[in-house]
Every structure is written in structure tokens, then in C-alpha cells.
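The exercises below concern the contact between two chains. Work through each task with the structure open, then compare with the solution.

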There are 2 protein chains.
Amino acid sequence: MKTIVIVIFDSFTDIDLFLMWDILGRNTKDWRVRILGTKAEHLSANGLAVKTHGRIAEANDADVVLFSSGKLGVKASLSDKAFVTAFSLNVEKQLIGSICGGAFILERLGLLRAGPATTHPDALEELRALGVDGREQALVCNGNVATAGGCLSAVYLIGWVVEVLFGRAKRIDTLRELIPAGQRDTFEQLIELSIKKGVSAA
Amino acid sequence: MKTIVIVIFDSFTDIDLFLMWDILGRNTKDWRVRILGTKAEHLSANGLAVKTHGRIAEANDADVVLFSSGKLGVKASLSDKAFVTAFSLNVEKQLIGSICGGAFILERLGLLRAGPATTHPDALEELRALGVDGREQALVCNGNVATAGGCLSAVYLIGWVVEVLFGRAKRIDTLRELIPAGQRDTFEQLIELSIKKGVSAA
């Protein structure tokens, strides 16, 4: 049983938590997913209150650590020394990923120095200004670190996590339920290609 | 200012609320979006507690009424006479839509008798067994009533709502932020085609 955690904060982008949460939450045999934060409850950018299952330091012991996004929330979190110093992640043992603005947290944790990364297209220049090799690409994987850009890319990020841990068949099975009726071939090809392109980016 | 409501219930499918909620919630000038239920708080299928903004009878006065999904939640709601009889929707004046299993609520409200509809592919036979002209298609629009099937089809459903109310440019603008980095053309074509196919289904 793997443990996958999703890190949130106040003003997190709703969909960037909920898409990952829902896809992962449907499987309770192979992994458990926990939402972590600095408080018992965080308020989303659109105003939904979400209870956390644990505190951010738990991320250090998880098999997979995923960072959600949100311009204001990420900025505030990076200004909070307690937030930044709570993480002691291990790229040798853990899979670490981000969606959209979560890339700025990976950058601060020193995880994007080794190679290319992506973020939301609107934030790409800002990421490059920090010295990161920013690519306008849905998913960029570099060893055990993956960044995704554009909300719906969470599908590729989760696909990558499941494929690395459990193989391609489990990944296809995990994402199947999400695919629009009558568009299975289109989406399965898009997912396959986006993950392949992500893995070959580094 | 239009009012768009999303109806939930206990055991609602997480993503089928949150995807619509997030896309719509980013715009606070053209519409306001409210989550309605039978209680002050509903628990999602994956265990998130979500506070509602109002009760389901409010749907009768909204410009747009969207039903979320969830096999268990829909079934329980349809067994609840108070739930079913609370709705008095007007297809002449309102846009009414559903994602996945929400189609079964539209069916019970008598809104799918006039033409074709869709639902999650896994539930299509069950919908057909009720006498509905069920299509394995991402979006099916019939006048002011639209059904969508497969979680990510919520993007097409919301696209249809925004295009009907505010035009194509606003629809493109509304969905732009969601699109994976580097895949804008692919997704804009897919969205355009899916909505066109939906509108021409009836």
C-alpha cells in the first residue's frame, strides 16, 4: 500500500487539488491518498473549505508527494519559513510532482536545478526568471520529479505516478473512468503521448 | 449577472462537482455559482465534506441548473420524494444540464423524453432501459437541456452553457486556463467539435 499525499494551503486552486484527489481516491487497494496542510482546514481560491488529513511534515515519509497550486497560495506559502523548512524530501526514494504553480515550491526546495520543468503557461516566464529550464509542455519528468502545467495536465501527472509505481495497464485502468463518452481513443492516445513526451524531456 | 447552480447530494462524485465549480468560479463578473443540496453539508464519494450555499428549491429560480453525479448519491436522491418534488424547472427559461449519472435525475424530472441524451459509458445501458435515446457521446444538447458523459466532459458542458449565454469568445476565454501547456490547439479543436456535435445531436 503506497501513500500519496497532496499538499494544499489557503487559496489553493480548486481543480488542482480536486482532480488529483478524485482520480486517486477511487482506488483504495493500491494506495491511500491524504491531503496535507499547515492547518486543520484550508480555504480554496474559490472559497471551499477543505479539511486536511495531516500536516505537511508527513510528506517526508510518503511514497508520492504532489503539490497543488494557486498564485496567491504558493506565494504566501513560500514566504512562510515554517512551510518551506518543514519539507525534507528525498528524490531517490520518493516521487515528487507539481501542478501549475506548485512548480515554484519544487524550485524553492531545490528540486528543479537538475533539468527542465513546466508550469502553467501564464507563469512560465516567471519560472524561467528563477533560472529554471522552463518548457511550454503539459508534463515534464526528470527522474523522480515531475511538473505539469495547465489544470487538465493533472491527468498526465497522475498517469505518470501510477505508471511508474504500478505499470501501464493500471494507469490506463485508473484514468479510463474520466474519459468523455465516445472519445476513448483520442484521450488514451493523448495521455500516452503526453507521458512519453514528459519522460523523454530531460 | 446570471445565477448558475450545481446540485449535489451525499456521495456525489468529487470531480463532477469540482470541475464545474472551479471553471465557473473563476468568473465573478458575468455569473455567480452556488452549490445546492438538501443539507448544509454533503459528503463526497471520496469523503470530502462540502458546505452548500443554499437548498435545492433555489434551483427553480436559477438561470442555469447543473446536476452532479454519483451512482449511490443519485440512487438515494431519486428514492427521496422530497428531493424529486422540490424541482419545478422550466426548460423554456432555464438551461439545464447533467454530468454522468446526473442524467438519471433529468430523466426522472421528465426532461429527457423529447430527445437523445448521454451519461457515463458504464451507465448507458441502464439509461436506455428507461426508454431514453442514449448516445455514447461526450455531450448531447436538446434545446435547453444538455447531458454530458465521462467526467472530463464537464468541460464541454460548461463550454456549452457559457457559449449559449455569452457567446463563443467568452467560452474560449473561460476554458483557456484549464488547457494543458503546449496543447492549446488540440484541446480547443476538441472542445469546439464536441460542443458542435452535442448541439447537432437532437
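**Exercise 1.** Find the partner with which the side chain of B:D122 forms a salt bridge.

*Solution.* In this predicted model, apply the cut-off of 4 Å between a side-chain nitrogen of Lys or Arg and a carboxyl oxygen of Asp or Glu. The side chain of A:R176 meets B:D122 at 3.3 Å, N to O, so the pair satisfies the rule. Across the interface of chain B and chain A, two salt bridges are found. Residue pairs in polar contact between the chains number 24, counting pairs with both residues at pLDDT 80 or more.

**Exercise 2.** Determine which elements of chain B supply the side that touches chain A, and what kinds of residue make it up.

*Solution.* At least two residues each come from α1 (14–25), β4 (49–51), α6 (154–166) and α8 (184–199) of chain B. The largest share, seven residues, belongs to α1(B). By kind, the residues of this side are 20 nonpolar, 14 polar and seven charged.

**Exercise 3.** State how much area is buried between chain B and chain A, and which three residues of chain B supply most.

*Solution.* The buried area is about 3,200 Å², with 61% given by carbon and sulfur atoms. On the chain B side, B:N46, B:L152 and B:A181 supply 18% of the area buried against chain A, more than any other three residues.

**Exercise 4.** Work out how chain B is related to chain A.

*Solution.* A turn of 180° with a shift of 0.0 Å along the axis lays chain B on chain A with an RMSD of 0.0 Å. This is therefore the relation of a two-fold axis. The same surface serves both copies, as 100% of the contact residues of chain B recur in chain A. B:F18 is the residue of chain B that comes closest to the rotation axis, its C-alpha lying at 3.2 Å.

Definitions and conventions. Residues numbered from 1 in each chain as written. Chains lettered and ligands numbered in written order. Predicted model: local features only at pLDDT ≥ 70, side-chain atom pairs only at ≥ 80, totals over all residues. Heavy atoms only, no water. Least-squares fit on C-alpha atoms with pLDDT ≥ 70 in both. Contact = heavy atoms within 4.5 Å. Buried area = accessible area lost by both parts, 1.4 Å probe. Polar contact = N/O pair within 3.5 Å; in protein donor to acceptor, adjacent residues only side chain to side chain. Helix = DSSP H or I, 4+ residues; strand = E, 2+ residues; numbered from the N terminus. Nonpolar A, V, L, I, M, F, W, Y, C, P; charged D, E, K, R; others polar.
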